[in-house]
Amino acid sequence: MLPHVDASNDFFWNGAQEHKLVLLCCESCGHFVHLPRPVCSNCQSMKLSGKQLSGKATLYSYTVANKAFHPYYVDKIPYLIATVELVEQPDLMLQTNLVDVDEKDLKFDMELEVDFRPLGDSFLVPVFKPAGGAK
Amino acid sequence: MRKVAIAGVGYSGVGRNTGLSERHHAAQSALAALADSGISAKDVDGVATWGGDATDFAHMLGFGPQKWFLTVGVAPAFISPAMHAWMAVATGQADTVVAWRIMMQQPSSAAMASGSTGSMMAGMSDYHYNMAFGNFSPTVWAGLMMNRYMHETGATEEDFAKFAVIQRDYASRNPDALLRDPLTAEEYLAKPYINKPLRILDCDYPCDSGSAVIFTTEERARDLKQPVVLVETASHATIHNMNFETLPDMVRTSPVQAAENLWSHTSIKPSDVDTAQLYDGFSFITMNWLEALGLCEPLGAPEFVRNGGTTLNGKVPTNTDGGAINVGRRHGANFCIESVRQLRGQSTSQVKDAEVAVWANAVGPFAGAMLLTKG
């Protein structure tokens, strides 16, 4: 359940422990690359490093997890899984969870902001909630 | 390039938890396809499979030395071994190729939730970016894609109910189908969500399956048992890595490019298609393909289905074997086999005078399609 943190992704997971949303960014052209890859898909540079984002996003799509496919989630269903588009770059999509919002209050393309919640006892993962605490 | 025909098709004893191995399903389906075609085992000189090992299957079946072989990795379902088999015969690398899709039933959500079995997606690249957000099943990306599709098209749950009812009606006449009992829209709507808006009857039916299709030259096919079915052309496309969840446009994905590629290789037009057999690993995928192939208007598939466009008397009878939601997860091969049966005049829901059939597989990151004609 907990991610395997290694050199290919530690900026993302370690960033989350410090309440920061960090993705891989090209040092040559500034293009964000997610999921992380050793080469920039925009300019083919192989110099990339972690860079913090604003945490602002819009809701592209969402689904309700109605069934548990893992023992950890048996007492947590239903929960919301979403694809959000981060404001820093068109088509920069992130898979995440939605929190502090009911399904019925969700609107496609609504504004969201990042938060960090524990998976298991204490490992923080980046999740999203309505911007400005709006319902 | 040589003109290629499909000379034989066959299934194994497809079913739920059959207790049979991949080799059993490969042998049964290949023997059924050989018998269907009238080709002898010694005449096969090429093999391609997704599921199991092509070299192992060729040796096991006594095909003798093979001129060409391929064991496919993760690919857009059966269109991958099928397209490669077509190209092997077209280029003269082999004369008679068996293409398989062998697929064993995957664990249920209940088994995964109990911790008694591993996850379906464990080991896949980038898996930790799914797992950490409670995503352990392809039904999650299907729920995401279906929800966005409904948002952009205005499709309703009743439209998907209608789709399920039409497919079950086809399946009710097909003895190969695993689900054949009549279905009502109310029954569809009463079924549980897996990943809302995705319901269980939007998903292909898990089973053990073996499907085999024999490709050979047109010249050779003319001397064989069955009416000749020709491959007009085929196409592939890939637009993204395997993370469906980060597709920037979940409504217009790789079927769009695969369809463009397909039509660019032929003078046949979408309006010439008599029947379409379009992947339904999840129901909305068929709608994506109807639109991508130009068989209905862009974003118009829900209305097309609502108005009966996919029924036997409709504009484009679609998934006339009942689709994988009912015949079971044969992972795209059933759409090839049903297309062949339609062009031979052997379908259990026969389209009158069918001369052109298109079949298509997969969605999202990658997809492919094949166009067949009556010989």
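Backbone outliers, a covered helix and a domain contact

Biologist: What makes A:His19 count as exposed in this predicted model?

Modeller: A:His19 has 12 C-beta neighbours inside 10 Å. A residue is exposed if 12 or fewer other C-beta atoms lie within 10 Å, and therefore A:His19 counts as exposed. This residue belongs to the loop between helix H1 (10-17) and strand S1 (22-26) of chain A.

Biologist: What is notable about the phi of A:His19?

Modeller: Its phi is positive, about 60 degrees, although A:His19 is not a glycine. Most residues other than glycine have a negative phi.

Biologist: Why is A:Asp91 called exposed?

Modeller: Within 10 Å of A:Asp91 there are 12 other C-beta atoms. The cut-off for exposed is 12 or fewer, so A:Asp91 is exposed. A:Asp91 also has a positive phi, about 70 degrees, without being a glycine, and is located in the loop between S5 and strand S6 (93-98) of chain A.

Biologist: How do you know that the bond joining A:Ile77 and A:Pro78 is cis?

Modeller: Omega for that peptide bond is about -5 degrees. A:Pro78 sits in the loop between strand S4 (56-65) and strand S5 (79-86) of chain A. In chain B, the peptide bond from B:Lys196 to B:Pro197 is also cis, with omega near 10 degrees; B:Pro197 is in the loop between strand S5 (193-196) and strand S6 (198-199) of chain B. Most peptide bonds are trans.

Biologist: What makes the span of helix H14 of chain B close to the expected one?

Modeller: H14(B), residues 333-344, has 12 residues and reaches 17 Å from its first C-alpha to its last. At 1.5 Å a residue, 16 Å is expected, and 17 Å is close to that.

Biologist: Why is H14(B) described as mostly covered?

Modeller: Of its 12 residues, 11 are buried, among them B:Phe335, B:Ile337, B:Glu338 and B:Arg341. Buried requires 20 or more other C-beta atoms within 10 Å. Just after H14(B), B:Gly345 takes a positive phi of about 80 degrees.

Biologist: How do you know that domain 1 of chain B touches domain 2 of chain B?

Modeller: Residues are in contact if their C-beta atoms lie within 7 Å, and 22 residues of domain 1 are in contact with 26 residues of domain 2 in chain B. On the domain 1 side, the largest share, five residues, comes from H3(B).

Biologist: Which class of residue has 16 members on that side of domain 1 of chain B?

Modeller: The nonpolar class has 16, alongside four polar and two charged residues.

Notes: Residues numbered from 1 in each chain as written. Chains lettered and ligands numbered in written order. Predicted model: local features only at pLDDT ≥ 70, side-chain atom pairs only at ≥ 80, totals over all residues. Helix = DSSP H or I, 4+ residues; strand = E, 2+ residues; numbered from the N terminus. Expected span 1.5 Å × (residues − 1). Contact = placed C-beta atoms within 7 Å. Nonpolar A, V, L, I, M, F, W, Y, C, P; charged D, E, K, R; others polar.
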